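Trainee: Hi! I'm new to this one, could you walk me through it?
Mentor: Happy to. Let's open it up and take it topic by topic.

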Amino acid sequence: MAAEMAIVKPIVGKFGCSSTTTAPTPGVVILGGRRNPRTSNAAMKIRMSSAATDTSAPPPPRPAKKAAKQGINETLLTPRFYTTDFDEMETLFNTEINKNLNQAEFEALLQEFKTDYNQTHFVRNKEFKEAADKLQGPLRQIFVEFLERSCTAEFSGFLLYKELGRRLKKTNPVVAEIFSLMSRDEARHAGFLNKGLSDFNLALDLGFLTKARKYTFFKPKFIFYATYLSEKIGYWRYITIYRHLKANPEYQCYPIFKYFENWCQDENRHGDFFSALMKAQPQFLNDWKAKLWARFFCLSVYVTMYLNDCQRTAFYEGIGLNTKEFDMHVIIETNRTTARIFPAVPDVENPEFKMRLDRMVEINQKLVAAGEGEDIALVKNLKRIPLVAALASELLATYLMKPIESGSVDIAEFEPQLVY
């Protein structure tokens, strides 16, 4: 399960608390779901319902129930659900058509997933509610936002993997079962996070989320790139937070972080599976177009995470982390891991890369401020135009930086054991 992992650098004492605080607008890269052509492209809200704390009390009147609803505002950086061409997926994993499929590798991965190492891991205790009750003020709202976004991310993965498991059942039963077992993992994570929201007297309406959320279509090869990165960057985020809080227990303000060590191994296994899928489709890795797309998706994921996290530094400060140092550590380690399979990756350890990321943060902050101003819509849009152009210019310049040639279709020789 650690086939793609780079050796972890020590983190103890590396991250300090930043003095800068901005309004939290959390977000994570997420995937999943089926296309819903009826979904509007307009701004939406994800429905949150209030959970009663006293079951003996009479139900509140209808207006109060409506007032308890909360939502997630949609922006350019807000997580989206993705769907794909399932017919093409069936063709890619048809053993009669694709002779590159290494069924022995997939069967070995299937046994790994069947073992279900975390079957009894996600067990709550009284610490959760007690810790939630102690969290008050701005930090309480920050944790609610963290839980709701993380729950949405895991649930979206569940939707995508479940559908792939269903559609590939006849074409390739082994691959289909792996997708089904990954959907099991994602559902377990989403349920655990939604239970966490109940500690704050809230619950995410996942049924409403499935029907109302906007879905974005990606071709299968783009799903492979994006999902692999999503799972691997998720691993590095979770393990970094876990190790930091283990070394600095005074910042352990909510017990969900204690579960991150085992949790991130699910993310790692999922990433390893997508690595095997890409090796089975060498046309996605071995030409000049693959290099361009690989760099594009790396940059998209890294920049999105950096901009999102810099909009919610209060969350990371709340657990004793410096947001930018944390993000750069995660980006560098994810990039080193990704270089084992992607044919080219950005040179994220070049100082110019972080310099440009910081410029994008400044531009994005101005964009947010322009959107929140008191001006009429026309004036807001006029103010945004030069800012969007500046942001696009920085993105292009970052993309055009000299990349690192990397990757190998056969990566068996690059499979170190994970170091805890």
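**A walk through the model**

Mentor: Let's start at one residue: with a relative accessibility of 31%, Asp 375 counts as partly exposed. Keep in mind that this is a predicted model.

Trainee: Which residue forms a salt bridge with Asp 375?
Mentor: That would be Lys 383, and the closest N and O atoms of the two are 2.5 Å apart. Lys 383 is partly exposed too, at a relative accessible area of 42%.

Trainee: Why would those two side chains pair up?
Mentor: In general, side chains of opposite charge can pair when their charged atoms come close.

Trainee: How many salt bridges does a search of the whole structure find?
Mentor: The search finds 24 salt bridges.

Trainee: Can you show me another one? Say, what does Arg 166 meet in a salt bridge?
Mentor: Its partner is Glu 163, at 2.7 Å from N to O. Both residues sit in helix α5, which covers residues 138-167, and they are three residues apart, about one turn of the helix.

Trainee: Is Glu 163 buried or exposed?
Mentor: Glu 163 is buried, because its relative accessible area is 6%, and the cut-off for buried is under 20%.

Trainee: And Lys 232, what does it form a salt bridge with?
Mentor: With Asp 272, where the closest N and O atoms are 2.8 Å apart. This pair links distant parts of the chain, since Lys 232 is in helix α8 (residues 220-247) and Asp 272 is in helix α9 (residues 260-279), 40 residues apart. Both Lys 232 and Asp 272 are buried.

Trainee: Changing topic: where is Asp 116?
Mentor: Asp 116 is in the loop between α3 (103-115) and α4 (127-134). Asp 116 counts as buried, with 11% relative accessibility.

Trainee: What phi does Asp 116 have?
Mentor: A positive one, about 55°, although Asp 116 is not a glycine. As background, most residues other than glycine have a negative phi.

Trainee: Which other residue has a positive phi of about 60° although it is not a glycine?
Mentor: Asn 201 does. Asn 201 comes just after α6, in the loop between α6 and β3 (202-204).

Trainee: How far apart are the end C-alpha atoms of α6?
Mentor: They are 39 Å apart. Helix α6 has 27 residues (173-199), so at 1.5 Å a residue the expected span is 39 Å, and the two values agree.

Trainee: What about helix α12, what span should it have?
Mentor: Helix α12 runs over residues 323-338, which is 16 residues, so it should span 22 Å, and its end C-alpha atoms are indeed 22 Å apart. It is mostly covered, with 13 of its 16 residues buried.

Trainee: Which residue caps the N-terminal end of α12?
Mentor: Asn 322 does that: one of its side-chain oxygens lies 3.2 Å from the backbone nitrogen of Lys 324. Lys 324 turns up again as a contact of Asp 358, which also touches Tyr 306, leaving aside residues up to four places away in sequence. Asp 358 is in helix α13 (residues 351-372), and it is buried, with a relative accessible area of 18%.

Trainee: On to the aromatics. How many aromatic pairs does the count come to?
Mentor: The count comes to 45 aromatic pairs. For Phe 222 and Trp 293, the ring centres are 4.4 Å apart and the planes are at 50°, so this pair is tilted. Phe 222 lies in helix α8 and Trp 293 in helix α10 (residues 288-310), so the pair ties together parts that are 71 residues apart in sequence. Phe 222 counts as buried at 13% relative accessibility, while Trp 293 counts as partly exposed at 32%.

Trainee: And how are the planes of Phe 260 and Trp 263 arranged?
Mentor: Their planes are at 80°, with the ring centres 5.6 Å apart, so this pair is edge-to-face. Both lie in helix α9, three residues apart, about one turn of the helix. Phe 260 is buried at a relative accessible area of 2%, and Trp 263 is buried at 0%.

Trainee: Last one: how many disulfides does the structure hold?
Mentor: Zero disulfides. As for cysteines, Cys 151 counts as buried at 0% relative accessibility, and Cys 298 counts as buried at 0%.

Terms used. Residues are numbered from 1 along each chain as its sequence is written. This is a predicted model: local features need pLDDT of at least 70, side-chain atom pairs count only at pLDDT 80 or more; totals for chains, interfaces and linings use all residues. Side-chain values use heavy atoms; hydrogens and water are left out. Helices (H or I, at least four residues) and strands (E, at least two) are DSSP runs, numbered from the N terminus. The expected span of a helix is 1.5 Å times one less than its number of residues. Buried means under 20% relative accessible area, exposed over 50%, partly exposed in between (1.4 Å probe, protein chains only). A polar contact is a pair of N or O atoms within 3.5 Å; within protein, one must be able to donate a hydrogen and the other to accept it, and residues adjacent in sequence count only if both atoms are side-chain atoms. A disulfide is a pair of cysteine sulfur atoms within 2.5 Å. A salt bridge is a side-chain nitrogen of Lys or Arg within 4 Å of a carboxyl oxygen of Asp or Glu. Contact means heavy atoms within 4.5 Å. Rings of Phe, Tyr and Trp (its six-membered ring) pair if their centres lie within 6.5 Å; planes under 30 degrees apart count as stacked, over 60 as edge-to-face and the rest as tilted.
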